[in-house]
Amino acid sequence: MQIWVDADACPRVIKEILFRAAERKQVPLTLVANKPMPSPPSPYIKSLVVAAGFDVADQRIVELLEPGDLVITADIPLAAAAIKKAGHALNPRGEFYSEDNIHERLAVRNMLDELRGCGIETGGPAAFSSCDRQAFANQLDRFLAKQ
């Protein structure tokens with residue numbers, strides 16, 4: 001099992017939680033982004049820099065993903081692709097995407113995207129909070145305890 005991080009938009013505090021977990025559980029973790037990402041020296045943590053461009057990092061994660069791997073992302077299409085390849089997907093707010101909820105999440109995302117395309121203001125996500133950080137840490141710990 002490996003952890004893949006859609007690192008461009010991942011909050012720093014979440015990356016720090018992931019770094020500690022990778023060390024503690026000795027699980028390989030790869031940050032995938034279109035620019036170098038700072039990380040602590042570790043045999044378990046590496047960065048993969050991809051070319052700049054729309055969804056290039058997402059596509060690379062999907063290419064490298066093996067069944068059972070965990071993807072950390074807020075990108076719903078990436079989460080859907082991970083689930084389709086028998087992987088797991090966890091967003092930085094601590095919500096696991098699954099076969100049961102990913103289709104609904106994709107539909108809502110697509111509807112909001114269409115509304116924004118028509119000029120309708122849909123608002124954005126709430127500010128990242130300490131409750132989000134705690135929810136993420138708890139879900140990650142539960143997931144890793146099962147591995």
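**Fold order.** I began by reading the elements along the sequence, and the pattern came out as β-α-β-β-α-β-α-β-β-α-α. My tally of the elements is five helices and six strands. I note here that this is a predicted model, so I treat every value below as computed from it.

**Overall dimensions.** Next I looked up the radius of gyration. For 147 residues a compact globule would come near 15 Å, and the protein has 15 Å, so the two agree. I also boxed the C-alpha atoms along the principal axes and got roughly 50 × 30 × 30 Å.

**Burial, contacts and surface.** I asked myself what share of the 147 residues is buried. My entry reads 37%. Then I took the contacts with a separation of 6 or more, and found that 51% of them join residues 24 or more positions apart. The exposed area is about 8,300 Å², with carbon and sulfur atoms supplying 54% of it.

**Charges.** I counted 17 positive and 19 negative side chains. The centres of these two sets lie 6 Å apart.

**Helix α2.** I then turned to α2, which runs over residues 56-64. Which of its residues are buried? I wrote down Ala 57, Asp 58 and Ile 61. They cover an arc of only 100° around the axis, so they sit on the same side of α2. A reminder to myself: an α-helix has 3.6 residues a turn, so residues three or four places apart point the same way. I also checked what the buried residues of α2 pack against, and I found three strands and a helix: β1 (3-6), β2 (29-33), β4 (70-72) and α3 (76-84).

**Ile 72.** Since β4 had come up, I picked a residue from that strand, Ile 72. Is Ile 72 buried or exposed? Its relative accessible area is 1%, and the cut-off for buried is under 20%, so Ile 72 counts as buried. I listed its contacts, leaving out residues up to four places away in sequence. Ile 72 touches Ile 3, Trp 4, Val 5 and Asp 6, and its other partners are Cys 10, Ile 14, Leu 18, Leu 90 and Phe 136. The stretch 3-6 is β1, so I was pleased to meet β1 again here.

**Two loop residues with positive phi.** I looked for positive phi values outside glycine and noted Gln 26, at about 55°. Gln 26 belongs to the loop between α1 (12-25) and β2. With a relative accessible area of 53%, Gln 26 is exposed. My other entry is Asp 55, whose phi is near 65° and which is likewise not a glycine. Asp 55 lies in the loop between β3 (45-49) and α2. I have Asp 55 down as partly exposed, at 28% relative accessible area.

**Distances to Gly 94.** Last, I took two C-alpha distances to Gly 94. From Ile 72, which is 22 residues away along the chain, the separation is 9.6 Å. From Asn 138, which is 44 residues away along the chain, it is 7.6 Å. Where does Asn 138 sit? I place Asn 138 in helix α5, residues 130-146. Its relative accessible area is 30%, which makes Asn 138 partly exposed.

Technical notes:
Residues numbered from 1 in each chain as written. Predicted model: local features only at pLDDT ≥ 70, side-chain atom pairs only at ≥ 80, totals over all residues. Heavy atoms only, no water. Helix = DSSP H or I, 4+ residues; strand = E, 2+ residues; numbered from the N terminus. Rg over C-alpha atoms; globule rule 2.2 N^0.38 Å. Buried < 20%, exposed > 50% of the residue type's maximum accessible area, 1.4 Å probe, protein only. Contact = heavy atoms within 4.5 Å. Areas by Shrake-Rupley, 256 points an atom, 1.4 Å probe, with all protein chains shown as cover. Lys, Arg positive; Asp, Glu negative; His and termini not counted. Charge placed at Lys NZ, Arg CZ, Asp CG, Glu CD. Arc of directions from axis to C-beta.
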